[in-house]
Amino acid sequence: MDQQGLNAIERIAGAQRMPYRSISVERLTPVIGAEIGGVDLSRSLPPEQLAEIRRAFLENHVLVFRDQQLSVEQHKAFGRLFGQLRALPLEDIDGDDPELVVIRANAQSRFVAGETWHTDGTADPEPSMGSMLYVKETPAIGTGGDTLFANMHLALEMLSPAMQGFLGTLTAIHDGEIPWKGYTPPPGLPKTEHPVVVRHPETGRPSLFVNSGFTSHIVQLSAGESQVLLGMLFDLVAREPVLSCRVRWAPGTLVFWDNRCTQHHAVWDYFPHSRYGERVTILGGRPQA
Ligand code: SIN
């Protein structure tokens, strides 16, 4: 790790935080993720708890709620506290609720959702602000199926000031067909140009906004240059464990992550065992440089 990286970690890990009064917040790593206690998401949340959950979300980017007993309606109601839920066409989903993405893997699976580093829905003109995955079944072997989450503010800040400045002048194409490589994609998938460095709309903090799951190329560069630069940026996320936390799921765990400043990677290390969860996705706005 070079001095630039160490300084970035120190800045993020050491940022001043006010204490919490109505929830407990146990950080997963110094730079990303926290377990939140003292909250029952099946009930209507007192305003102070909701305000503290919002603050914990902005400070930690990934919130883990354990031992929740939620109906689909309660899961969706928690999501709606943060915005409108994304609805998908019924023909594109597994199940019959357009607002609920079923995440299912078993002995018949040939791939699972999210098994590369990515951010949900960045090919959309207005990508989602966050996702909430509620896991109901974990692999019967008693382990496996964790999810990694990476802090993209830190990924940007670990780069040299010269590279950060250059990236700030660029835009990239995010293509909804990329996850369908080797399969026939459904018609009408989105393809959108976004800045490579975006500002978080609530905190104003800059973040690296390209991901191997959806970003095809950088508009201002030649094909070869784009490939090398994107390769370096994708590799940074894969090669620097300091960027990430690892969430171990149990039935009844709900994780809420911020798609505006994180990437995630679902680890498929439990084949042929099964894992089942349900995700809602909260709509966001157009990313701004
Ligand atoms: C996803 O939303 O990409 C799936 C994450 C997971 O299954 O852990």
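Trainee: How far does a polar side-chain atom of threonine 147 lie from an oxygen atom of the ligand?

Mentor: Glad you asked! This is a predicted model, where local features need pLDDT of at least 70, side-chain atom pairs count only at pLDDT 80 or more, and totals for chains, interfaces and linings use all residues. Residues are numbered from 1 along each chain as its sequence is written, and side-chain values use heavy atoms, leaving out hydrogens and water. A polar contact here is a pair of N or O atoms within 3.5 Å, and for threonine 147 the distance to the ligand oxygen is 2.5 Å.

Trainee: How much of the ligand's accessible area does the protein cover?

Mentor: Accessible areas come from the Shrake-Rupley method with a 1.4 Å probe. On its own, the ligand has 260 Å² of accessible area, and the share covered by the protein is 99%.

Trainee: Is the pair of phenylalanine 149 and tryptophan 257 stacked, edge-to-face or tilted?

Mentor: Rings pair if their centres lie within 6.5 Å; planes under 30 degrees apart are stacked, over 60 edge-to-face, and the rest tilted. These two ring centres are 5.2 Å apart with planes at 50 degrees, so the pair is tilted.

Trainee: Are phenylalanine 149 and tryptophan 257 buried or exposed?

Mentor: The classes use relative accessible area with a 1.4 Å probe and protein chains only: buried is under 20%, exposed over 50%, and partly exposed in between. Both phenylalanine 149 and tryptophan 257 are buried.

Trainee: And which class fits tryptophan 268?

Mentor: Tryptophan 268 pairs edge-to-face with phenylalanine 271. With a relative accessible area of 24%, tryptophan 268 is partly exposed.

Terms used:
A polar contact is a pair of N or O atoms within 3.5 Å; within protein, one must be able to donate a hydrogen and the other to accept it, and residues adjacent in sequence count only if both atoms are side-chain atoms. Rings of Phe, Tyr and Trp (its six-membered ring) pair if their centres lie within 6.5 Å; planes under 30 degrees apart count as stacked, over 60 as edge-to-face and the rest as tilted.
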